[in-house]
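Visitor: I am new to this structure and would like a close look at a single part, the sheet and what is packed around it. Please take it slowly.

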Amino acid sequence: MGSGGSNSKRLNWRAWGVTKSPWVYHLATGTCNNCDIELLDCLTPRYDVERFGIKLVGSPRHADVLMVTGMMNRKVLPRFIEICRQVPKPYIIVALGACGANKGIFHNSYNTVGPVERVVREVLKEDTIVVNVPGCPPKPEAIILGVVKGLKLLLERG
Amino acid sequence: MVILELIFYPGMLFAAVIGLLSSWFERRVSALVQWRVGPPHLQPLYDLIKLAGKETLVPLGANRGLFLLAPVLGFAGATLASLILWKANLGRSFLGDLIVLLYLLVLPSLSVILGGLASGNPVSILGASREIKLVLAYEVSLVLAVIVAILKADSILLSKLGNTISIGSLSGVIAFFIALLAIQAKLGFAPFDIAEAETEIMAGPYLEYSGPPLALFKLTQVMMLFILPLFLMTIFLGGIDFRGLGWLWGLLKYLGVLLAIILIKNTNPRLRIDQAIRFFWRYGLGLALLALILALIGDRVGIRWL
Ligand code: SF4
């Protein structure tokens, strides 16, 4: 609250709705499976992300958060683009793990295509919010924080 | 007047509000069973608002008109059903309302089938075909169970059925359990969540839906969560009596039925579609027929506990 015109501060109800019930679609693009297991940890009673309305859905068309794990390889690239186009807007992408954020331990592999953010900007050519959650694998707390930061950005952007 | 009733009090808005609260109750109890905290009580509403604000995508291979019309159809059915059911509990009934209601309650399942088939996705079509089989499986048992209640109440008027507690006899108890399981299947809850099995066919018929149409489907589901337990209650447990503190007793009965449904949901694994059909056609139908015969004998001979 405070400075800024009333226009820029007006709450976008679409973005607000997404922050209140972000449904997550889990997309593994060639992981070592550790990140996937950490992601599932978020759903256990210990972290219980359903408290914030987060739940895992089975279809990209229901998704608000695209959770991309692992090192994207060339085979997966066209599928990734296809799936990104199937997610209804507004949505955010979270690149989980060092792999998704900046190639991680696969940095000199021959079969990989850049970090998720670069793929989204250069191949998909969209300015969707991409949050990088580093760690190999990241802790569940870090994953939740990543989603929260992404949603905050979405709310600010409106 | 009728329009107002349809939109506000016993119709759409009322059923939606109670349904949203019931949906929260369902999620919260499920969370408690799993030793979790669960979502806040406005969560089902947030979900709907969010879905309403999302983009609507129609797949290329879909039949556009039918794809977008299907959710409206189910929603209309649920709205009318809640109107008829609530009015019957208020004591205003017309001849044959039970039959109309039974038909209206099929509409949501039908809309899911239509939507799944229209979306042109093979997995959705698989889900829709499972839903068709499931409807064919449980519908006969449900109708037979309802006939037992009709025999007990000696009337086909919903308001009369609502005044009779037909579970107070052997056949009534059997019929109640059959109807409870049929309603579990109608709601698409485990062990009968075969059509939208999230872990194998990714939400089945709903797979291709996004945005407002999906919100309409969710709203229909939520309303059914209010209508179906109330239906079961009206038929077998003697509806809601609005005189004095009767509504409190009615509320307790409603919560009891809802709790039973939720606990069955949380303690059972999913059946395969062939197992579900075998279950309903063999045990469901057999037990419902047994209950019907017992009720007929009790009626003829005059043994009240049969
Ligand atoms: S970031 Fe680490 S844990 Fe995650 S997929 Fe890559 S190598 Fe595996």
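Guide: What follows starts with the sheet in chain A and then turns to the cores and the cysteines.

This is a predicted model, in which local features need pLDDT of at least 70 and side-chain atom pairs count only at pLDDT 80 or more, while totals for chains, interfaces and linings use all residues. Residues are numbered from 1 along each chain as its sequence is written, chains are lettered from A and ligands numbered from 1 in the order in which they are written, and side-chain values use heavy atoms, with hydrogens and water left out.

The sheet is open and has five strands of chain A, in the order β2-β1-β3-β4-β5, with parallel pairing. Strands (E, at least two residues) and helices (H or I, at least four) are DSSP runs, numbered from the N terminus, and two strands pair if DSSP finds at least two bridges between them. At the edges are β2 (55-56) and β5 (129-133) of chain A, each pairing on one side only. Strand β4 (residues 92-96) of chain A pairs with β5(A) in the parallel sense over five bridges. In this pairing A:I92 stands opposite A:I129 of β5(A).

Helix α7 (residues 140-157) of chain A packs on the sheet and touches β3 (65-69), β4 and β5 of chain A; contact means heavy atoms within 4.5 Å. The direction of α7 makes about 160° with that of β5(A), where axes are lines fitted to C-alpha atoms, for helices over the stretch in contact, and angles run from 0 to 180 degrees between N-to-C directions.

Next come the cores. A nonpolar core is a set of buried Ala, Val, Leu, Ile, Met, Phe, Trp, Tyr and Cys residues joined through side-chain atoms within 4.5 Å; buried means under 20% relative accessible area, exposed over 50%, and partly exposed in between (1.4 Å probe, protein chains only). The largest core has 113 residues, of which A:F80, B:F231 and B:F236 touch the most other members. Apart from this core lies another, of 21 residues, including A:V18, A:C42, A:M67 and A:V133. Leaving out residues up to four places away in sequence, A:F80 touches A:L27, A:T29, A:V68, A:M72, A:V116, A:V119 and A:V120.

A:C42 is buried, with a relative accessible area of 4%. Its sulfur is 11 Å from the closest cysteine sulfur, in A:C35, which is too far for a bond. A disulfide is a pair of cysteine sulfur atoms within 2.5 Å, and the count over all chains is zero.
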